[in-house]
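Here is a short tour for anyone who likes to read a fold from its contacts outward. Please keep the structure open beside the text as you go.

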Amino acid sequence: LFRSGWLDQVSRVDPEMRIRFTSPHPKDFPDEVLQLIQERHNICKQIHLPVQSGSSRILQAMGRGYTRETYLELVQHVRESIPGVNLSSDFIAGFCGEDRKS
């Protein structure tokens with residue numbers, strides 16, 4: 001589970017240094033990180049959230065530990081917690097057992 005302590009410490013080293021926090025695991029994303037990103041002017045309001053697939057069945061086969069629905073709930077929570085946040089992601093196409101319906 002990611003903790004916000006190191007992000008807090010890094011953001012205090014040089015308040016003029018811009019920090020971009022990327023790739024938290026969607027199943028381990030604590031509210032304290034969102035609060036820190038919202039509060040600190042030197043932490044970029046941009047988060048890269050890897051989703052890997054839009055199918056809960058495929059996510060389970062990948063062993064990701066979250067579903068499509070919980071990912072979408074996290075995206076909504078991030079948007080509510082950090083107004084104006086920019087989100088990016090990555091997807092895997094053609095995972096074993098995946099078809100057009102997945």
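## A residue with many partners

Setting aside neighbours within four places in sequence, I47 is in contact with F21, P24, F29, L34, I37, V78, I82, V85, N86, L87 and S88. This is a predicted model, so please read every contact here as a feature of that prediction.

I47 also appears in the largest nonpolar core, a group of 20 residues. Together with L7, F29, I37 and L49, I47 touches the most other members of that core. The elements that contribute two or more residues to the core are α2 and α4. As a general background, nonpolar side chains in soluble globular proteins tend to be buried together.

## The chain as a whole

How many helices and strands does the protein chain have? There are four helices and two strands, and along the sequence they follow the pattern α-α-β-α-α-β. The C-alpha trace spans about 50 × 20 × 20 Å along its principal axes.

Of the 102 residues in the chain, 36% count as buried. The chain exposes about 6400 Å², with carbon and sulfur atoms supplying 50% of that area. Among contacts with a separation of 6 or more, 69% are between residues 24 or more positions apart.

## Helix α4 and its two faces

Let us turn to α4, which runs over residues 68-81. At 1.5 Å a residue, its 14 residues should span 20 Å, and the end C-alpha atoms are indeed 20 Å apart, so the expected and modelled spans agree.

Which residues of α4 are buried? They are Y71, L74, V75 and V78. These four cover an arc of only 100° around the axis, which means that they sit on the same side of α4. The face turned away from that buried side carries the exposed residues E73 and E80. The cover over the buried residues of α4 includes α2 (31-39), β1 (46-48) and β2 (86-88). One of those buried residues, V78, is also among the contacts of I47.

## A histidine in strand β1

H48 is found in strand β1. Is H48 buried or exposed? Its relative accessible area is 17%, under the 20% cut-off, so H48 counts as buried.

The side chain of H48 has polar partners too. One polar contact, of 2.8 Å, is with the side chain of S88. Another, of 2.7 Å, joins the side chains of H48 and D90.

## Two loop residues to look at

Q52 lies in the loop between β1 and α3 (56-62). Its relative accessibility is 11%, so Q52 counts as buried. Q52 has a positive phi of about 70° although it is not a glycine. For context, most residues other than glycine have a negative phi.

R18 lies in the loop between α1 (5-13) and α2. At 63% relative accessibility, above the 50% cut-off, R18 counts as exposed. Leaving aside neighbours within four places in sequence, R18 is in contact with N42 and C44. Where does R18 stand relative to R100? The two are 82 residues apart in sequence, and their C-alpha atoms are 41 Å apart in space.

Definitions and conventions
Residues are numbered from 1 along each chain as its sequence is written. This is a predicted model: local features need pLDDT of at least 70, side-chain atom pairs count only at pLDDT 80 or more; totals for chains, interfaces and linings use all residues. Side-chain values use heavy atoms; hydrogens and water are left out. The expected span of a helix is 1.5 Å times one less than its number of residues. Buried means under 20% relative accessible area, exposed over 50%, partly exposed in between (1.4 Å probe, protein chains only). The arc is that of the directions from the helix axis to the C-beta atoms. Contact means heavy atoms within 4.5 Å. A polar contact is a pair of N or O atoms within 3.5 Å; within protein, one must be able to donate a hydrogen and the other to accept it, and residues adjacent in sequence count only if both atoms are side-chain atoms. Accessible areas come from the Shrake-Rupley method with a 1.4 Å probe; for residues, only the protein chains shown count as cover. A nonpolar core is a set of buried Ala, Val, Leu, Ile, Met, Phe, Trp, Tyr and Cys residues joined through side-chain atoms within 4.5 Å.
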